[in-house]
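Welcome! Here is a short guided tour for someone meeting this structure for the first time. Please take a look at the model before reading on.

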Amino acid sequence: MKIIYRKDMEEISLPGRVIQKAVGKDSAIPSEKMTVGFASYSAKSGPMEPHHHAEETCVVLDAVKGWVKFGPSKDRLPEKYPLEKGTVLHFDEMEWHVFEYEQGGHVDIIFIYGQVTN
């Protein structure tokens with residue numbers, strides 16, 4: 001068994017979010033099968049661009065005045081759902097989505113997906 005605490009993980013600033021890689025390629029705990037990490041969305045990292053990637057599950061650890069939008073394209077995200085602690089989200093492969101928040105708000109999640117090469 002390998003154990004790591006979030007407080008000990010490197011914070012990586014990316015456009016629109018700060019991530020911490022827990023399990024996976026180039027992560028605190030190496031794995032060739034899965035990717036698990038933390039992501040925080042707030043004014044600290046600025047607004048996030050809609051994106052899509054591998055099939056993904058997210059667990060909301062905390063959210064204040066935050067939501068997720070998703071839909072068929074980067075410019076068409078008609079579905080909007082408020083987020084709260086304990087919400088579980090599942091995105092199909094290549095489904096467009098974005099996490100957003102009102103001024104003073106934030107969203108903090110755990111993300112989980114199968115290891116991918118890109």
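Let us begin at one aromatic residue: Phe-70 has a relative accessibility of 22%, which makes it partly exposed. Please keep in mind that the model is a predicted one. The cut-off for a buried residue is under 20% relative accessible area, so Phe-70, at 22%, counts as partly exposed. Its partner is Tyr-81, and the two rings form a stacked aromatic pair, with 5.9 Å from centre to centre and 15 degrees between the planes. Tyr-81 is partly exposed as well, with a relative accessible area of 44%. What does this pair tie together? Phe-70 belongs to strand S4 (residues 56-71) and Tyr-81 to strand S5 (residues 79-82), so the pair joins parts that are 11 residues apart in sequence.

A second pair is made by Phe-111 and Tyr-113, whose ring centres are 6.0 Å apart; their planes meet at 20 degrees, so this pair is stacked too. Phe-111 is buried, with a relative accessible area of 8%, while Tyr-113 is partly exposed at 21%. In total, the chain has four aromatic pairs. Ring pairs also link Tyr-41, Phe-91 and Phe-99 into a cluster.

**The chain as a whole**

Now step back and look at the whole fold. How many helices and strands does the chain have? There are zero helices and seven strands, so the order of elements from the N terminus reads β-β-β-β-β-β-β. The radius of gyration is 14 Å, close to the 13 Å that the globule rule gives for 118 residues, so the chain is as compact as a globular protein of that length. The C-alpha trace spans about 40 × 30 × 25 Å along its principal axes.

Buried residues account for 41% of the 118 residues. Taking the contacts between residues at least 6 apart in sequence, 68% of them join residues at least 24 apart. The accessible surface of the chain is about 7500 Å², and 52% of that belongs to carbon and sulfur atoms. As for charge, the chain carries 14 positive and 18 negative side chains, and the centres of these two sets lie 4 Å apart.

**Three loop residues**

Some loop residues are worth a visit too. Asp-26 sits in the loop between strand S2 (17-23) and strand S3 (34-41). Its phi is near 55 degrees, a positive value in a residue other than glycine. Met-94, found in the loop between strand S6 (88-91) and strand S7 (96-114), is not a glycine either, yet has a positive phi of about 65 degrees.

The third stop is Ser-45, in the loop between S3 and S4. Is Ser-45 buried or exposed? With a relative accessible area of 16%, Ser-45 is buried. Leaving aside residues up to four places away in sequence, Ser-45 touches Leu-14, Pro-15, Gly-16, Arg-17, Val-18 and Ser-40.

Here are the three loop residues side by side:

| Residue | Relative accessible area | Class |
|---|---|---|
| Asp-26 | 63% | exposed |
| Met-94 | 45% | partly exposed |
| Ser-45 | 16% | buried |

How values were computed: Residues numbered from 1 in each chain as written. Predicted model: local features only at pLDDT ≥ 70, side-chain atom pairs only at ≥ 80, totals over all residues. Heavy atoms only, no water. Helix = DSSP H or I, 4+ residues; strand = E, 2+ residues; numbered from the N terminus. Rg over C-alpha atoms; globule rule 2.2 N^0.38 Å. Buried < 20%, exposed > 50% of the residue type's maximum accessible area, 1.4 Å probe, protein only. Contact = heavy atoms within 4.5 Å. Areas by Shrake-Rupley, 256 points an atom, 1.4 Å probe, with all protein chains shown as cover. Lys, Arg positive; Asp, Glu negative; His and termini not counted. Charge placed at Lys NZ, Arg CZ, Asp CG, Glu CD. Phe/Tyr/Trp six-rings, centres within 6.5 Å; stacked < 30°, edge-to-face > 60°.
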